[in-house]
Amino acid sequence: MDYHWDWLFFFRETDDGLKYYDWILSGLGWTTLVSLASLAVALALGSALGVMRTTPKRWLVAIGDAYVDVFRNIPLIVQLFMWFFVVPELVPDSIGMWMKQDLPYVVIAVVGLGLYTAARIAEQVKAGINSLSRGQRDAGLALGLTEWQTYRHVRLPMAYRIVLPAMTSEAMNIFKNSAVTYAVGILELYFQYKQIIEKTSQVLEITIVVTLAYFALAFLMNRLLAFVERRTRVPGLIVGGKGGGVP
Amino acid sequence: MIEIRNVSKWYGSFQVLTDCTTNVKKSEVVVVCGPSGSGKSTLIKCVNALEPFQKGSIVVNGVAVENPKTNLPKLRAQVGMVFQNFELFPHMTITENLTIAQIKVLGRSREQAVDKGLKLLDRVGLKAQAAKYPGQLSGGQQQRVAIARALAMDPICMLFDEPTSALDPEMINEVLDVMVQLAQEGMTMMCVTHEMGFARKVAHRVIFMDRGAIVEDAPKEEFFGQPRSERAQNFLAKILHH
């Protein structure tokens, strides 16, 4: 093979005075930031939507269902372009200008990825709550807990335990999905990957390194949540299989 | 204490309760029996508004449960309920099960709540299990904890929804013993159960339901001696002679 392997290029200087490995580390940092921030948005909003869809209030169910239908049926990259290019034109001018000029890109990217993932979290939270017996809710209410307290102390703690393996997959997916945000100018790992290929044409080395980096991020998340799963396991109760997130 | 007046309930067009009227006086023990699907559980769940009903009225300690202005959590906190499938909270220890509502609903301090919970746990003979989780206890033990959990709220009356139906036969008596003791102490109780031995021992009245209606509502001696309706006679014959 004619390919000229050169692993040391990572230590060479770039145009901007940094080393190539600095670009990778910087990309890794942005990928981690965007992913974790989006995950926080997705968990908060997805949980709220999942709960709404299990309440006896029909209008809350309708809002939750509509949200999931919209955000689950449109490709992530199209949703990101919507937030970047279309939404600023649809809102009042002053807000649109602010979105285009002052709002950091990364915030829009985090919101976009977070809202997309929230639809999937909402599905899981709903499924978890619905898998519990109706008697658990009744028992909470019969003790005088309010509907909200029954969610907070009785239903959600068990629902999260039940769907933790599915959520683990989602938390790993978000690292992979965050690569799409390069398309709206976030200088994350995939962006740096493309840039380094253009500058150095050391395609194989950089591809291997970036592959390993993404693998490590998702794998770390998997191990972390497997640990959470073990720590929160209820003694004497069998929920699903053994610990360890489903990849 | 509990006045049920002309209560009717429908699921869609299907009527599950038809014009049910009865009442439970203070310190009275009333047993509700009847074939499955007769509406017993539904009726008892109407008492603390776990099930809504479309017609009639239920007044508990002077408060109408169907009134939209009624503070339901406050009302329910005064009415203890024990379920067929125990419904302990699986992710909480026994102590946490006994204290959560005391703390969150009654506003008791943690120390007060634990103190009260452990006393009641002792009373049902399970003090040694305080740190365990429900999944580590037998069905009979779980149901005794569930009774203690309801009593921890200092209820003015207790509702039992087939408390022994999900238990293995050898565990039924440990639960019934607790209920008998409670009845003898003067607790107001409404019990859906097929345990006719329990009914004979402590019930003041027996209500027989069939197809959503109260067919018979009689003092215990009368019910077991000479039920008036043929359906109640048939039911008794079936569950007493097998």
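Trainee: Which residue in β8(B) does B:V32 stand opposite?

Mentor: Happy to help, and do keep in mind that this is a predicted model. Look at strand β3 of chain B, residues 29-33, and strand β8 of chain B, residues 189-192, which run parallel and are joined by four bridges. Opposite B:V32, in β8(B), stands B:V192.

Trainee: Which are the edge strands of the sheet in chain B?

Mentor: Let's follow the strand order. The sheet is open, has six strands with mixed pairing, and reads β6-β7-β8-β3-β9-β10 in chain B. An edge strand pairs on one side only, and in chain B that holds for β6 (79-82) and β10 (213-219).

Trainee: What angle does helix α1 of chain B make with β8(B)?

Mentor: Helix α1 of chain B covers residues 40-47 and packs on the sheet. The strands it touches in chain B are β3, β6, β7, β8 and β9. Its direction and that of β8(B) make an angle of about 150 degrees.

Trainee: Why is chain B as compact as a globular protein of that length?

Mentor: Start with its make-up: chain B has nine helices and 10 strands. For 242 residues the globule rule gives 18 Å, so chain B is as compact as a globular protein of that length, since its radius of gyration is close to that, at 18 Å.

Trainee: How far apart are the end C-alpha atoms of residues 103-122 of chain A?

Mentor: UniProt, in an unreviewed entry, lists residues 103-122 of chain A among the places with the feature "transmembrane region". This span is 90% helix and 0% strand, and its end C-alpha atoms lie apart by 27 Å.

Key
Residues are numbered from 1 along each chain as its sequence is written. Chains are lettered from A and ligands numbered from 1 in the order in which they are written. This is a predicted model: local features need pLDDT of at least 70, side-chain atom pairs count only at pLDDT 80 or more; totals for chains, interfaces and linings use all residues. UniProt positions are given in the numbering used here, feature names are shortened, and annotations may be inferred rather than shown by experiment. Helices (H or I, at least four residues) and strands (E, at least two) are DSSP runs, numbered from the N terminus. The radius of gyration is taken over C-alpha atoms; the globule rule is 2.2 Å times the number of residues to the power 0.38. Two strands pair if DSSP finds at least two bridges between them. Two residues are in contact if their C-beta atoms, placed from the backbone, lie within 7 Å. Axes are lines fitted to C-alpha atoms, for helices over the stretch in contact, and angles run from 0 to 180 degrees between N-to-C directions.
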